[in-house]
Amino acid sequence: MAKRKQEAGDESDGSSSDVSLIDVDFDFFDPNPTVDYLALKRLITQLFQRDADIFHVHELAELILNQPRLGTTVKTDGMESDPYAFLTVLNMHVHHEHSSIKAIANYCLEKTTRDPAFNATLQALFSQTQHHVGFVFCERLINMPVQVIPHMYRMLVDELKRAINENEPYTFTHLLFISRTYHLSPDEESAIFNAAPRTNGQSVRKSKRSKPPSEPEMEPPADHIYSFHHEDEYIKKVSIHSLDYTFTTASTEPREKDAFGVENRGRMMLVPAERFLDLVATMSEVYAVR
């Protein structure tokens, strides 16, 4: 087993009758091309939502799994089980002729046309070979605790250092993140912020009983757009450009006023590579398992 780190913990203290705690052991593994393919395709589709077909999901999954020594999966039932979370990075310059990387680059250029500065930066980066851009793929199933994410990023830092020492092409000047957001209408915001607070019964443990990091009081953002992944707010803070966008592919059915769910959107963020270590350190501090 090339990589396995486990989050485990002691038994919890007593809890109130209306709160149940679930102890889950999360194991961290290298990507496994023989078992991770279908689950990875699902995570890619989840990330890109209605636009997933644009990115040649099959080819992108194969490309990611062709570099099994880089990246991390999170599983709960051993190496042969499906991953619940996945993190890796792809060199967009080395693979610039690959169909999925071409699609990602073109998609980013198309979406950033309404942000001329972001678009000009991407145009300059994609049109030369001296500076390399890494596309960071990070996605997980809903309700996966954010506390697993810093571990994955720390492992990625170590793997990148090893790969660079072995003269592999992972020296980046910029990192491109694509993530998911959702938009709330004023009525939806009012319903959520006026609702009574609920207790999250899920816990992540590492040697001691953990406590979720204290989050500041949330105020509705002016644009009514929220991150699916908590860590995106910290990525956005260190990015030189960020953009929230709607999907290219129209929904097959209009969303009714009282329909269940939220309006999904996307977000792109461009981070200089020299800020990456500080970003990982910040995430490790904010989402530390205590």
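## Exercises on cores, rings and helices

Of the 36 residues in the largest nonpolar core, I44, F48 and F137 touch the most other members. A nonpolar core here is a set of buried Ala, Val, Leu, Ile, Met, Phe, Trp, Tyr and Cys residues joined through side-chain atoms within 4.5 Å. Buried means under 20% relative accessible area, exposed over 50%, and partly exposed in between (1.4 Å probe, protein chains only).

Some housekeeping: this is a predicted model, where local features need pLDDT of at least 70 and side-chain atom pairs count only at pLDDT 80 or more, while totals for chains, interfaces and linings use all residues. Residues are numbered from 1 along each chain as its sequence is written, and side-chain values use heavy atoms, with hydrogens and water left out.

**Exercise 1.** Find the helix that gives the largest share of this core, then look for a second core.

*Solution.* Start with the helices, which like the strands are DSSP runs numbered from the N terminus (helices: H or I, at least four residues; strands: E, at least two). Helix α3 (residues 99-111) supplies the largest share, seven residues. Next, pick out the other core: it is separate, has 33 residues, and includes F26, V74, L156 and L160.

**Exercise 2.** List what F48 touches beyond four places in sequence, and name its aromatic cluster.

*Solution.* Contact means heavy atoms within 4.5 Å. Leaving out residues up to four places away, F48 touches F55, L60, F135, I178 and F247. Then go to the rings: F48, F55, Y107, Y245 and F247 make up one aromatic cluster.

**Exercise 3.** Classify the pairs F86 with F137 and Y107 with Y245.

*Solution.* Rings of Phe, Tyr and Trp (its six-membered ring) pair if their centres lie within 6.5 Å; planes under 30 degrees apart are stacked, over 60 edge-to-face, and the rest tilted. Searching the whole structure turns up ten aromatic pairs. For F86 and F137, the centres are 6.2 Å apart and the planes 65 degrees apart, an edge-to-face pair. F86 sits in strand β5 (residues 85-91) and F137 in strand β6 (residues 133-140), so the pair ties together parts 51 residues apart in sequence. Both F86 and F137 are buried.

Now Y107 and Y245: 5.7 Å centre to centre and 80 degrees between the planes, again edge-to-face. Y107 belongs to helix α3 and Y245 to strand β10 (residues 241-245), so this pair ties together parts that are 138 residues apart in sequence. Y107 has a relative accessible area of 2%, so it's buried; Y245, at 4%, is buried too.

**Exercise 4.** Find which rings have the charges of K75 and R180 over them.

*Solution.* The test is NZ of Lys or CZ of Arg within 6 Å of the ring centre and within 35 degrees of the ring normal. The charged end of K75 sits over the F29 ring, 5.9 Å from its centre. R180 lies over the face of F228, 4.4 Å from the ring centre.

**Exercise 5.** Check the length of α5 and the buried side of α4.

*Solution.* The expected span is 1.5 Å times one less than the number of residues. For the 18 residues of α5 (residues 148-165) that gives 26 Å, and the end C-alpha atoms are 27 Å apart, which agrees. Just after α5, N167 takes a positive phi of about 60 degrees.

In helix α4 (residues 116-126), the buried residues are F118, N119, L122 and L125. They cover an arc (from the directions of the helix axis to the C-beta atoms) of only 130 degrees, which puts them on the same side of α4. These buried residues pack against α3, β6, β7 (174-183), β10 and β11 (263-272).
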